Amino acid sequence: MSIENATMTRAAPETGTMRALRFHAAKDLRVEDIARPGQPGPGQVLIRNRFVGICGTDLHEYASGPIFVPTEPHPYSGAVYPQVLGHEFGGEVVAVGEGVTKVVVGDRVAVQPLIMPRGGEYFADRGWHNLSGSLALVGLSWHSGGMSEMALLNDYNVEKIPAEMSDEEAALVEPTAVVVYACDRGRVTAGDSVLVTGAGPIGILALLTARAFGATRLFVSDVNETRLALAREVVPGVITINPARENVGDVVGAATLDGIGCDVALECVGNERALQSCLDAVRKQGVIVQTGLMAGKGSVDFFQLTFKDVEIRGSWCYPTHSWPRTIELIASGAIPASRVVTKRIALDQAVAEGFEALLDPAGTQLKILIDLSR
């Protein structure tokens, strides 16, 4: 990407190396010095990363990957491991390439990490980029990621955030977009009762989002009492259920009108028992949204599914145009996403104090943010 093809609004970033956390293999993450990105070409933006969240997907890669990290060059992006991780992040624009008009140097941005194929692909041609089989993701199958000092992105990957939004909140737009889409898929609306299975960061963000959508009665199930306590702290008024000791369907039924069950159930674990709990708890003609990724094939009581006339819907990522809406929901305070942040660490602490801490069965942490300025 030559300087002749880049329109810079300030001097090009210095050359040299930068610190980055890269995936090499399962249980092999290394903080190392790598080359800084080059100057942005046409339609590209270079940002200095500020905060990045550790996602459940990152944890899966660390524990048993490669899963999404390509071991051969990605057919669309060309990326291959070792891969800089991190797709929940934001930062400050430091350079823009030719033709970029949506942001300027100095803008603070949240990153939409889907790398979108253009032309000749059924879903991409219809604007359903998240459903494309050619999709690549920043921080998983792209040459840049959030767990480094800088990232080179396409202009459509960045969205300017307002002055009232913090840099930490910019790193929470991506996981919040996941649950905004899940609530859309579940058609959550004013006055609804909603069950969420799983009191992890996605589950608790789902509760906060359902409340922002107007849900008035919220339930969350989890076998970890520490996580349930965190849910009660972050989402006042939520009814917590431990399925190891209580029947989720019975508890939800007892707390809903005429014992019919909840209107919507959001499965945020990726566990067939949790999915069955959703089916037990949801009312007839209710909606279940499968948001968590199951590692293998799952099963539910299909007689119950048919008898209750229930609808099960998948929810994969989010529409790529959802960033302005999600940013507004967070910036306005409608979704207080920062409540899920329980720890902030430096990049050098990422493995021991971040990944390993989140894999601890005690479940004392929700969302851990890496501060790239430390």
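This briefing describes the strands, helices, cysteines and backbone features of a single structure. The model is predicted. One open sheet holds six strands with parallel pairing, and another holds three strands with antiparallel pairing. Helix α4 packs on the six-stranded sheet and also packs against helix α5. The count of disulfides comes to zero.

**The six-stranded sheet**

- The strand order in this open sheet is β13-β12-β11-β14-β15-β16, and the pairing is parallel.
- The edge positions are taken by β13 (239-241) and β16 (311-314); each has a single partner strand, so one side of each is left without a neighbour in the sheet.
- From one strand to the next, the twist averages 20°.
- Within the sheet, β14 (residues 262-267) pairs with β15 (residues 282-290) in the parallel sense, over five bridges.
- In this pairing, C262 of β14 stands opposite V282 in β15.
- Helix α4 (residues 173-185) packs on the sheet and touches β14, β15 and β16. The direction of α4 makes about 150° with that of β15.

**The three-stranded sheet and Q83**

- The second open sheet runs in the order β2-β1-β4, with antiparallel pairing.
- Its edges are β2 (28-35) and β4, each with a single partner strand, so one side of each lacks a neighbour in the sheet.
- Two bridges join β1 (residues 17-25) to β4 in the antiparallel sense.
- Across this pairing, F23 stands opposite Q83 in β4.
- Strand β4 comprises residues 83-84, and Q83 lies in it.
- Q83 has a relative accessible area of 1%, under the 20% limit, and is therefore buried.
- Leaving aside neighbours within four places in sequence, the contacts of Q83 include L21, R22 and F23, together with V69. Other contacts of Q83 are G139, L140, S141, W142 and S144.

**Strand β9 and its pairing with β3**

- Strand β9 (residues 150-154) is largely enclosed by the rest of the structure, because five of its five residues are buried.
- M150, L152 and N154 point one way from β9, while A151 and L153 point the other way; all are buried.
- Strand β3 (residues 44-53) runs antiparallel to β9, and five bridges join the two.
- I47 stands opposite A151 in β9.

**Helix packing**

- Two packed helices are described by the angle between their axes and the distance between the axes.
- For α4 and α5 (residues 201-212), the packing angle is about 55° and the axes are 9 Å apart. The two helices are therefore oblique to each other.
- The crossing of α4 past α5 is right-handed.
- At this contact, P175, T176, V178, V179, V180 and C183 in α4 meet I202, L205, A206, T209 and A210 in α5.
- The axes of α5 and α6 (residues 225-234) cross at roughly 30° and come within 11 Å. Because this angle is under 35 degrees, α5 and α6 count as roughly parallel to each other.
- The crossing of α5 and α6 is also right-handed.
- Here P201, I204 and L208 in α5 meet R227, L230, A231 and V234 in α6.

**Cysteines**

- A disulfide requires a pair of cysteine sulfur atoms within 2.5 Å, and by this rule the count is zero.
- The closest cysteine sulfur to that of C55 is in C317, at 9.5 Å, which is too far for a bond.
- C183 is in no disulfide either, as the nearest cysteine sulfur, that of C268, is 8.3 Å away.
- C55 is buried, with a relative accessible area of 14%, and C183 is buried at 1%.

**Cis peptide bonds and positive phi**

- G65 and P66 are joined by a cis peptide bond with omega of about 5°. P66 lies in the loop between α1 (56-64) and β4.
- The bond from Y81 to P82 is also cis, with omega near 5°, and P82 is found in the loop between α1 and β4.
- R187 is not a glycine, yet has a positive phi of about 55°. R187 is found in the loop between α4 and β11 (193-197) and is partly exposed at 45% relative accessibility.
- D258, not a glycine, has a positive phi of about 55°. D258 lies in the loop between α7 (248-254) and β14 and is exposed, with a relative accessible area of 72%.

Key
Residues are numbered from 1 along each chain as its sequence is written. This is a predicted model: local features need pLDDT of at least 70, side-chain atom pairs count only at pLDDT 80 or more; totals for chains, interfaces and linings use all residues. Side-chain values use heavy atoms; hydrogens and water are left out. Buried means under 20% relative accessible area, exposed over 50%, partly exposed in between (1.4 Å probe, protein chains only). Helices (H or I, at least four residues) and strands (E, at least two) are DSSP runs, numbered from the N terminus. Two strands pair if DSSP finds at least two bridges between them. Contact means heavy atoms within 4.5 Å. Axes are lines fitted to C-alpha atoms, for helices over the stretch in contact, and angles run from 0 to 180 degrees between N-to-C directions. Angles under 35 degrees count as roughly parallel, over 145 as roughly antiparallel, 65 to 115 as roughly perpendicular and the rest as oblique. A crossing is left-handed if the near helix is turned anticlockwise from the far one by less than a right angle, and right-handed if clockwise.
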